[in-house]
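Subject: Structure for you, with notes

Hello,

Here is the structure I promised to pass on. Please open it first, then read my notes below.

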Amino acid sequence: MTIKGARCISLACCIFVKVGAALYPLLIVREELVCLVILLFLLLNAHFYKMGKDSGNFLRLAILAVGHVVFDIITVITVNHREAVPLWLNNVLHVIFYFFAILFAYQFFCYCVEISLPGANVRRICLMGLLPPAVGLIALPFLSIDYLTGNGTDYSFGPVVFVGYGIAMFYFICSLALVLCRHRHIQPHVKFALYPMLLALMAAVLIQIRVPELLFTGGAVTIVTVGFFFSLENPAAVFRQKVQTDALTGVQSRHSYEEDIVRIEREYAAGVRGYCAIFCDINHLRDVNNRYGHLEGDTYISNVALILQQEIRHATGIYRMGGDEFLVICKNCTEDALARDIASVSRRCEDLSRRKGYPTEVAMGYALSGEEYPRFKDVIEAADYRMYRNKAAARMRRLEEAGKEEVSGENFGAFAASGDRGCPFVCNLDANITLLNRSWVEEFDLPGEVIHDFPRCWAERVHPDDLEEYHRVSRLIVGGKVRECDILYRVRNKRGEYVRCACRGSVYPGRDGGPDLFVGVLVNYGVAEGKEEDGASKGATG
């Protein structure tokens, strides 16, 4: 080997030794670094999922555990670089480290007090429990700290160590004694989680005092904090609550409704009445999405949900059933009180309209439980039907006010000239609601003047031989493939007779260009006679 090669090897070895010496403290604190990552992850989850339901105990424990681990890392580095770190700074950092250990133990003690003792005494005992940390805070800066070289790392020793860990041990012993004394008054899953936690903390303190080089307390508080999170905070319940909550509006989700309706139906079958349902549908949402964007549409939905939460005071549950539909379930509420709440919602929507500059409106329908409804779902269906009826009535009022802006003069002529045999109709293709006149409803035994999904309801009465053509034309209308319709088919009336009917109407587009309204007239030509008059007459023009 040449002299030059030997020098290169020697230089590389020197660099390796220096790098190793620089990284050595980091290798010592690798456990604490892992603990810090875990604790920060738990804190992030606790903040995002709104943990800390037990009076915020978990959040405080986690923050104090982070402080303890952070100063554990800092003191390990400074104690191994005493030649570069002033003695006074080392002392201050170690006092803070032990003070975080005391506060962590105190917070754990407060949690044990809260779950063990009556509420009236909790605050007093916790305030009295602040005395040892106060004494420690005053005494620790005046106590001496010794720094020794151990097996693999330097460490602190002396009065500060014994006072700091001694106060923490005092809290752990008091907590264990409290849980043992109140064993019968604590829920099983809580006490059987606390016993191993307290024993682990006490063992960690004793081991740390006996073998200071282990630097074990940071890992111990991390293990206990993780155990507290998963056993006492019960994140599974929090996550389940998140599933049951609609993320956009904060009301209960459809999944929550599916669970609650099982319980309500069980109570309803057992004779519990007093329930009522309000079905709500947001109007103009598609227009808002098209004109202002979907972000504003989401804001519109959130604002309506907030209004429902604030104004329907008797609600026991508010569920988002779909994109723009909500169901409110109330209990022990009179019809007058419901009417007042609904009126309050309407007023708030009017105020929102003035602020936003676009119409905000909610179509609502309600039904109260009674003997005429064998199931609570029948109450909900009745509220749903009335909501669609109110929605269609509001739509008709707007059509009458708009006049020729939304319906052409020819169709108004068809409405006026239809006579006794004709039935003017307006179908909102977006909401799938159809408005008919009363005589037609009676003649064909229809559910009402306002019908949700009229094509399906009407198809049940169309002659089987004409059904295929009827469905074909219906699909063309809904799909926006035709602008006008003129079709003849047979329909069964309330007496079971098949009569020839004609449907003539026009499709009107909405602001987005898609089909919005189907307006026209149905004409009853009477009972079909003879083969030449049977069958559907095709007529759908593009």
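Let me start with the cysteines. The structure holds 0 disulfides. Keep in mind that this is a predicted model. A disulfide is a covalent bond between the sulfur atoms of two cysteines. Why does Cys280 not form one? The closest cysteine sulfur, in Cys330, is 9.3 Å from the sulfur of Cys280, so the two are too far apart for a bond. Cys280 is also buried, with a relative accessible area of 1%. Cys174, by contrast, is partly exposed, at 25%.

Next, the salt bridges. Side chains of opposite charge can pair when their charged atoms come close. The count here comes to 19 salt bridges. Three pairs are worth a look.

- Arg348 and Glu311: their closest N and O atoms are 2.6 Å apart. Arg348 sits in helix H14 (residues 335-356) and Glu311 in helix H13 (residues 294-311), so the pair ties together parts that are 37 residues apart in sequence. Arg348 is partly exposed, with a relative accessible area of 26%. Glu311 is buried, at 11%.
- Arg313 and Asp341: here the closest N and O atoms are 3.5 Å apart. Arg313 lies in the loop between H13 and strand E4 (315-320), while Asp341 is in helix H14, so this salt bridge ties together parts that are 28 residues apart in sequence. Arg313 counts as exposed, at 57% relative accessibility. Asp341 counts as buried, at 3%.
- Arg375 and Asp378: the closest N and O atoms of this salt bridge are 3.1 Å apart. Arg375 counts as partly exposed, at 39% relative accessibility. Asp378 is buried, with a relative accessible area of 16%.

Two of these pairs belong together. Glu311, Arg313, Asp341 and Arg348 are linked in a network of salt bridges.

Now the nonpolar interior. In soluble globular proteins, nonpolar side chains tend to be buried together. Which residues of the largest nonpolar core touch the most other members? They are Phe104, Phe108, Phe172, Leu194, Phe228 and Leu232, out of 61 residues in that core. Several helices each supply at least two residues to this core: H2 (30-48), H3 (57-79), H4 (87-116), H5 (119-128), H7 (159-181), H8 and H9. H4 gives the most, with 14 residues. Another core lies apart from this one. That second core has 29 residues, including Cys423, Leu446, Ile451 and Trp458.

Some nonpolar side chains are on the outside. Ile207, Val211, Leu214 and Phe216 form a nonpolar patch on the surface. Together they have about 290 Å² of accessible area. Leu214 is found in the loop between helix H8 (188-210) and helix H9 (217-232). Leu214 is partly exposed, with a relative accessible area of 44%.

Last, a hairpin. Strand E1 (residues 146-149) and strand E2 (residues 154-157) run antiparallel and are joined by 4 bridges. Across the pair, Tyr147 stands opposite Ser156 in E2. The hairpin has 4 residues between the strands, and Gly152 takes a positive phi near 105°.

If you only look at one place, try the salt-bridge network of Glu311, Arg313, Asp341 and Arg348.

Best wishes

Note on methods. Residues numbered from 1 in each chain as written. Predicted model: local features only at pLDDT ≥ 70, side-chain atom pairs only at ≥ 80, totals over all residues. Heavy atoms only, no water. Pairing = 2+ DSSP bridges. Patch = residues over 30% accessible without salt bridge, like charges linked within 9 Å, V, L, I, M, F, W, Y side chains within 5 Å. Areas by Shrake-Rupley, 256 points an atom, 1.4 Å probe, with all protein chains shown as cover. Salt bridge = Lys/Arg side-chain N within 4 Å of Asp/Glu carboxyl O. Buried < 20%, exposed > 50% of the residue type's maximum accessible area, 1.4 Å probe, protein only. Core = buried A, V, L, I, M, F, W, Y, C linked by side-chain atoms within 4.5 Å. Disulfide = S-S within 2.5 Å.
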